[in-house]
Amino acid sequence: MAGVDVDVGTELRLGLPGGGAEAAKAGKRGFEETIDLKLTLPTAGMEEAAAVKTEPAAEKTKRPAEAAAADAEKPPAPKAQAVGWPPVRSYRRNVMTVQSVKNKKEEEPEKQQPTANAGSNSSAFVKVSMDGAPYLRKVDLNMYSSYKDLSIALKKMFSTFTTGNNLNEGKLVDPVSGADVVTTYEDKDGDWMLVGDVPWEMFVESCKRLRIMKSSEAIGLAPRTKDKCKNKS
Amino acid sequence: MGRGGSRAAPAAAAPPWHALPDEVWEHAFSFLPAASDRGAAAGACRSWLRAERRSRRRLSVANCYAASPQDAVERFPAVRAAEVKGKPHFADFGLVPHAWGAAAAPWVAAAADGWPLLEELSFKRMVVTDECLEMIAASFRNFQVLRLVSCEGFSTAGLAAIAAGCRNLRELDLQENEIEDCSIHWLSLFPESFTSLVTLNFSCLEGDVNINVLERLVTRCRNLKTLKLNNSIPLDKLASLLRKAPQIVELGTGKFSADYHPDLFAKLEAAFAGCKSLRRLSGAWDSVPDYLPAFYCVCEGLTSLNLSYATIRGPELIKFISRCKNLQLLWVMDLIEDHGLAAVASSCNKLQELRVFPSDPFDPAGQVSLTERGLVDVSASCPMLESVLYFCRRMTNEALITIAKNRPNFTCFRLCIIEPHTPDYITHQPLDAGFSAIVESCKGLTRFSVSGLLTDRVFKSIGAHADRLEMLSIAFAGNSDLGLHYILSGCKSLKKLEIRDCPFGDKPLLANAAKLETMRSLWMSSCSLTLGACRQLARKMPRLSVEVMNDSERACPLDSLTDESPVDKLYVYRTIAGPRSDTPSCVQIV
């Protein structure tokens with residue numbers, strides 16, 4: 001089900017530097033200074049349930065000055081992206097990421113943007129199908145930083161066992177027949193390629209969907225990657 | 001009521017009004033359109049309570065955990081249309097743990113049991129499974145309307161069950177859901193004899209649909225008024241679909257892009273020319289502007305235009321929108337830029353709702369020239385503008401004050417300045433004055449989202465002036481507990497409050513605990529709350545459910561944590577159903 005994918009994504013997202021919880025905590029640290037200032041002010045009035053209507057006049061004049069001072073002293077806000085900010089719906093983000101990456105490639109063909117997505121907060125969900133499995137799954141390629149990470153996630157997702165270390169050797173095993181499977185992907189030109197040949201960033205940018213298939217069916221997938229690199233620019 | 005009867009027939013005195021049979025009251029209440037009016041009537045006396053609840057046809061449950069499905073079905077046995085909403089709004093932005101809850105299954109089960117005549121069901125931000133959809137198809141013989149908004153958990157297999165089982169289906173409206181593609185040709189399961197469809201919206205579906213099946217379906221459903229396609233329908237097929245359904249009122253074109261061919265252009269133009277009733281248009285239009293003129297013939301009739309997934313920019317876009325002189329609703333990307341909005345301001349004087357979405361929200365450089373100017377222009381020239389959602393990168397107090405003066409009729413004002421803590425870019429001051437001006441001028445404001453650099457001062461204004469405000473969203477704002485206190489001790493009509501990354505702590509929460517029971521819900525994340533305060537709140541207010549969440553998916557064993565432990569996410573809501581039993585391990589009810 002779609003839900004479990006996001007679980008995996010969320011867990012991995014928190015591990016990335018500058019993302020998620022860390023950014024949120026950094027934001028809070030920036031405010032601690034101002035909180036300390038405020039704690040010295042009498043807040044007894046607030047303990048009475050909903051009875052506070054006016055503040056003492058002294059507070060009124062003190063507050064704006066302190067607020068301004070606090071603002072001036074406050075360290076600049078962290079530049080790391082906070083989770084869920086700006087408030088753009090996940091649905092919209094997914095749709096727009098696909099479109100904007102595609103448009104960038106069309107508008108700026110000379111400029112290679114291998115890290116357009118890596119490390120950013122946008123998502124790159126692609127479908128993953130495994131021959132014989134009744135449902136497709138989805139992974140967000142931006143959640144991983146290497147083929148190894150992706151391989152681990154796919155392994156968990158399809159509950160298969162690997163006999164090798166990475167996808168390049170395609171040692172996932174089909175749970176029904178026990179035959180070797182390989183992981184392939186459809187790239188932007190519509191060709192089916194073997195996963196693992198190109199640099200990770202280039203793969204993330206060009207991968208449209210993943211398919212885990214039996215090794216026997218994968219004959220004929222040639223790693224024409226060197227030619228493709230030249231043609232793409 | 002009971003006084004004049006004796007004149008004509010002295011032997012039969014009319015019964016005193018309070019002894020009239022329930023059916024009379026039920027009939028009277030059927031003239032009360034608003035649920036709040038019905039609720040008020042129900043509160044008058046026992047007999048009105050009985051009559052009202054037994055005749056209530058439409059039920060809206062704004063928080064699925066505020067009452068149990070069994071309670072709802074028992075209390076309102078005659079419901080024909082139900083709407084249930086689940087996850088808090090911030091779930092849209094990934095802030096709510098994924099397995100948080102909001103399962104639709106208990107509601108479907110209770111409805112199947114207690115509302116066999118149910119005709120309409122609508123779920124928003126809930127987990128709807130294929131089993132739910134199968135149960136819906138099997139349980140309600142006169143089921144007509146299914147609306148799923150921002151839901152997840154189901155696949156095309158569930159849609160197949162609906163198509164096959166709901167003989168009288170009028171509306172299938174799928175908005176921004178996550179739908180698993182099982183490659184089942186669900187559309188083919190509408191029987192050949194099925195002709196009742198009025199609304200078909202599958203724009204969020206990612207897979208392919210069988211075009212021929214779709215064409216046949218569209219052809220035989222002569223009452224089809226709303227058709228929203230997904231990305232798999234190519235442009236030439238759109239033309240032939242339109243020729244089969246020229247009576248269409250609302251169209252979503254899916255992916256509107258192809259290389260330019262004069263033949264295809266002519267086909268499209270002719271097809272659109274035939275759609276004399278077309279009023280609402282949307283679609284994921286992809287760059288190629290060459291086909292836009294094919295739409296020109298419908299522009300004048302359009303009241304609603306949603307281009308918020310369209311990556312068109314520049315003069316073509318402006319030429320198109322300028323022809324839409326009767327637009328009431330416009331959703332666009334910031335690619336329209338300030339000069340585009342200036343064109344909207346001069347052409348679309350009937351505009352009521354404007355939403356401008358960011359095309360590249362994570363690009364710090366912000367290549368697009370959309371600033372406060374655009375919003376100022378539109379609010380100056382569109383006298384009926386009352387609802388705005390605007391993403392931009394810079395703002396000034398002066399602009400906001402001008403906007404507030406020009407448009408005191410705002411009911412919904414949501415401004416998102418993309419970078420947190422952004423001050424007035426000219427004076428470098430906080431934007432307190434600007435947002436305060438909005439809230440002071442717009443007496444009818446019911447929804448408000450603030451952003452940019454803000455101190456407690458703005459919250460003082462909001463608390464004091466926003467008497468009709470029902471929903472308030474705050475992020476990266478304020479500088480002390482007073483900010484939250486101003487809101488909770490003011491804002492008479494507040495129903496939903498959602499806060500993230502603000503330095504608000506325990507004191508204002510506890511000081512205003514009673515307020516929370518007058519509200520539907522409160523969300524606070526990444527603020528300065530402690531577990532002790534949440535415990536106190538829960539003890540003090542037994543009719544509130546106080547949920548505490550970790551910022552990870554791991555288990556959250558509260559018993560071992562001290563009162564001083566920080567709380568990352570808090571969700572508080574009033575409920576008559578007691579604590580829910582379906583929390584995942586990362587959510588704890590205090």
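Is B:Thr199 buried or exposed? I put this to the predicted model and found that B:Thr199 counts as buried, because its relative accessibility is 10%, under the 20% cut-off.

I then looked up its surroundings. B:Thr199 sits in strand β8 of chain B, which covers residues 199-201, and, leaving out residues up to four places away in sequence, it touches B:Arg170, B:Glu171, B:Leu172, B:Asp173, B:Leu224 and B:Thr226.

Next I turned to helix α10 of chain B, residues 262-273, and checked its length: at 1.5 Å a residue its 12 residues should span 16 Å, and the end C-alpha atoms are indeed 16 Å apart, so the two agree. I listed B:Leu264, B:Phe265, B:Leu268, B:Ala271 and B:Phe272 as the buried residues of α10(B); seen down the helix axis they fall within an arc of 130° and therefore line one face. This buried set packs against α9 (235-244), β10 (250-256) and α11 (296-299) of chain B, whereas the face turned away from the buried side carries the exposed residues B:Pro262, B:Asp263 and B:Ala270.

Last, I looked at the nonpolar cores. The largest has 205 residues, of which B:Phe123, B:Ile321, B:Phe413, B:Phe448, B:Ile462 and B:Leu497 touch the most other members, and it draws at least three residues from each of domain 1 (394-504) and domain 2 (506-589) of chain B. For B:Ile321 I noted contacts, beyond neighbours within four places in sequence, that include B:Leu305, B:Leu307, B:Val332 and B:Cys348. Apart from this core lies another of 25 residues, among them A:Ala124, A:Val128, A:Tyr185 and A:Met193.

Note on methods: Residues are numbered from 1 along each chain as its sequence is written. Chains are lettered from A and ligands numbered from 1 in the order in which they are written. This is a predicted model: local features need pLDDT of at least 70, side-chain atom pairs count only at pLDDT 80 or more; totals for chains, interfaces and linings use all residues. Side-chain values use heavy atoms; hydrogens and water are left out. Helices (H or I, at least four residues) and strands (E, at least two) are DSSP runs, numbered from the N terminus. Buried means under 20% relative accessible area, exposed over 50%, partly exposed in between (1.4 Å probe, protein chains only). Contact means heavy atoms within 4.5 Å. The expected span of a helix is 1.5 Å times one less than its number of residues. The arc is that of the directions from the helix axis to the C-beta atoms. A nonpolar core is a set of buried Ala, Val, Leu, Ile, Met, Phe, Trp, Tyr and Cys residues joined through side-chain atoms within 4.5 Å. Domain bounds come from an automatic or database domain assignment.
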